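Trainee: I'd like to learn how to read a structure like this one. Could we go through it feature by feature?

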Amino acid sequence: MELRSSLQELKVSTAQSWMSPSHEPGLVSVIIPTYNRSGLLLEALDSLARQTYRPIEVIVVDDGSSDDTPEAVERWIAGLVSGDGLRVRYHRQINKGAPSARNRGLIESRGEFIQFLDSDDLLSPRKIELGVAALVEDPEVDLVYGPTELVGADGAAYPGLETDDPQLVLEAVCVKSVWTIMGPLYRRGLCVEAGPWLEELSCWQDREYALRILAAAPELRFVPDAVSYYRLGHGPSIGDNWSRSLRDLRSIRRAVEAAARTIEAGCGLTPRMRESLARHLAHAGRLLGQLGEVEEARAALRSAEALARGSAYARTVSLLRLITRVAGFRLTNRGIALRARLRGRAAGVAA
């Protein structure tokens, strides 16, 4: 299925309509999906209450939590100062996953600008103020983004970017995954045109969405003081990117193939992008074969081989296809793991 028709079907299935392009001027809509994280959610909300910018609407979408999230949010809302310019709306749905919750938030949103924030992350006090100022200063700019700092990683820094070149940002996000959900502040129209988050993706959802946005080569600005915080050590994220489950491997295959089509139709794939995406496809294919999904695994490897053409990885993935046909997936994967150990490194994503 082509990505365009897939997105159109999702627009209908999500809420019989997509988010309206009309908006309340100056309003920032902050969309927070959450699941069983009431304590962390309240800290995320506190970081929004400390924002120096107003007006802000916060849309909390509870993805079927079984903890005290409803009561905790109700108490937090009750403590808001009337007339402060910060309002919070709470929506609850059956558990469908983070992409569905974000789509619900987008549909409910009314802001001129869109900010995503997961319930375990935080924004610095001037993050939104500085982002809005950059968007207002230049109406041609579609999104602004700032650096992300890691919290709970002994001072480690997130491998971010510092450039206004959309092509460099796209390639870096494709190759190194140097993009966070809460880093950008979007102009509403960009989100309208990009379409919904793909709800069938159990992982790789944030990267696919970022690549889809960036493939359109939007005008963007880096704002060095618009800092967000990515918190570690709180268990699985609502939008985890990777696992070895059959569902997640299929999700990664679909997301990578969708991203490749979108980029190729937009600004075109560079050799480095081809190599990076092909490596993810090949890795998913190897693990699908390990789980016994041989036909699906071979299809993923064929896609990886086609995608790798023109890159330094092309010969490797062709050889991988040949070896798996001769030796099978289990023996091939054991050989790759053994080679990695002998080289003194983890196998990682590379085949």
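Trainee: Let me start with a strand pairing. Which residue in β4 does V28 stand opposite?

Mentor: Keep in mind that this is a predicted model. V28 stands opposite F113 in β4. The two strands involved are β1, residues 24-34, and β4, residues 111-116, and they pair in the parallel sense over 5 bridges.

Trainee: What about β2: in which sense does β1 pair with β2, and over how many bridges?

Mentor: β1 and β2 (residues 56-62) are parallel too, with 7 bridges. To place yourself in that pairing, look for S29, whose bridge partner in β2 is E57.

Trainee: Which helix makes a β-α-β unit with β1 and β2, and what is its handedness?

Mentor: That's helix α2, residues 38-49, and the unit is right-handed.

Trainee: How many residues of β1 are buried?

Mentor: Start with the general idea: in a regular strand, side chains alternate between the two faces of the sheet. Here, β1 is mostly covered, with 9 of its 11 residues buried.

Trainee: On to charges. How many salt bridges does the structure hold?

Mentor: The general idea is that side chains of opposite charge can pair when their charged atoms come close. This model holds 21 salt bridges. Take D62 and R92, whose side chains meet with an N to O distance of 2.8 Å. That pair links distant parts of the chain, since D62 belongs to β2 and R92 to β3 (residues 86-92), 30 residues apart.

Trainee: Are D62 and R92 buried or exposed?

Mentor: They don't fall in one class. D62 is buried, at 0% relative accessible area, while R92 is partly exposed because its value is 43%, and that class runs between 20% and 50%.

Trainee: Which parts of the chain does the salt bridge between R102 and D118 link?

Mentor: The side chains of R102 and D118 meet at 3.0 Å, N to O. The pair links distant parts of the chain: R102 sits in helix α4 (residues 98-108), and D118 in the loop between β4 and β5, 16 residues apart. Both R102 and D118 are buried.

Trainee: And where do E275 and R279 lie?

Mentor: Both are in helix α10 (residues 271-290), 4 residues apart, which is about one turn of the helix. Their closest N and O atoms are 3.1 Å apart, in a salt bridge. Each counts as partly exposed: E275 at 21% relative accessibility, R279 at 24%.

Trainee: Which residues are linked in a network of salt bridges?

Mentor: E57, R89, R104 and E108. You've already met E57, as the bridge partner of S29.

Trainee: Back to sheets for a moment. What is the strand order in the open sheet of 3 strands?

Mentor: Read it as β5-β10-β7, with mixed pairing. β5 and β7 stand at the edges with a single partner strand each, so one side of each has no neighbour in the sheet. β7 runs parallel to β10 (residues 228-231), joined by 4 bridges. A handy marker there is L150, standing opposite Y230 in β10.

Trainee: Last one: which residues make the nonpolar surface patch of about 370 Å²?

Mentor: L319, L322, I323 and V326 make that patch. Of these, L319 is found in helix α12, residues 314-327. L319 is partly exposed, with a relative accessible area of 48%.

Terms used
Residues numbered from 1 in each chain as written. Predicted model: local features only at pLDDT ≥ 70, side-chain atom pairs only at ≥ 80, totals over all residues. Heavy atoms only, no water. Buried < 20%, exposed > 50% of the residue type's maximum accessible area, 1.4 Å probe, protein only. Pairing = 2+ DSSP bridges. Right-handed = clockwise from strand over helix to strand, strands pointing away. Patch = residues over 30% accessible without salt bridge, like charges linked within 9 Å, V, L, I, M, F, W, Y side chains within 5 Å. Areas by Shrake-Rupley, 256 points an atom, 1.4 Å probe, with all protein chains shown as cover. Salt bridge = Lys/Arg side-chain N within 4 Å of Asp/Glu carboxyl O.
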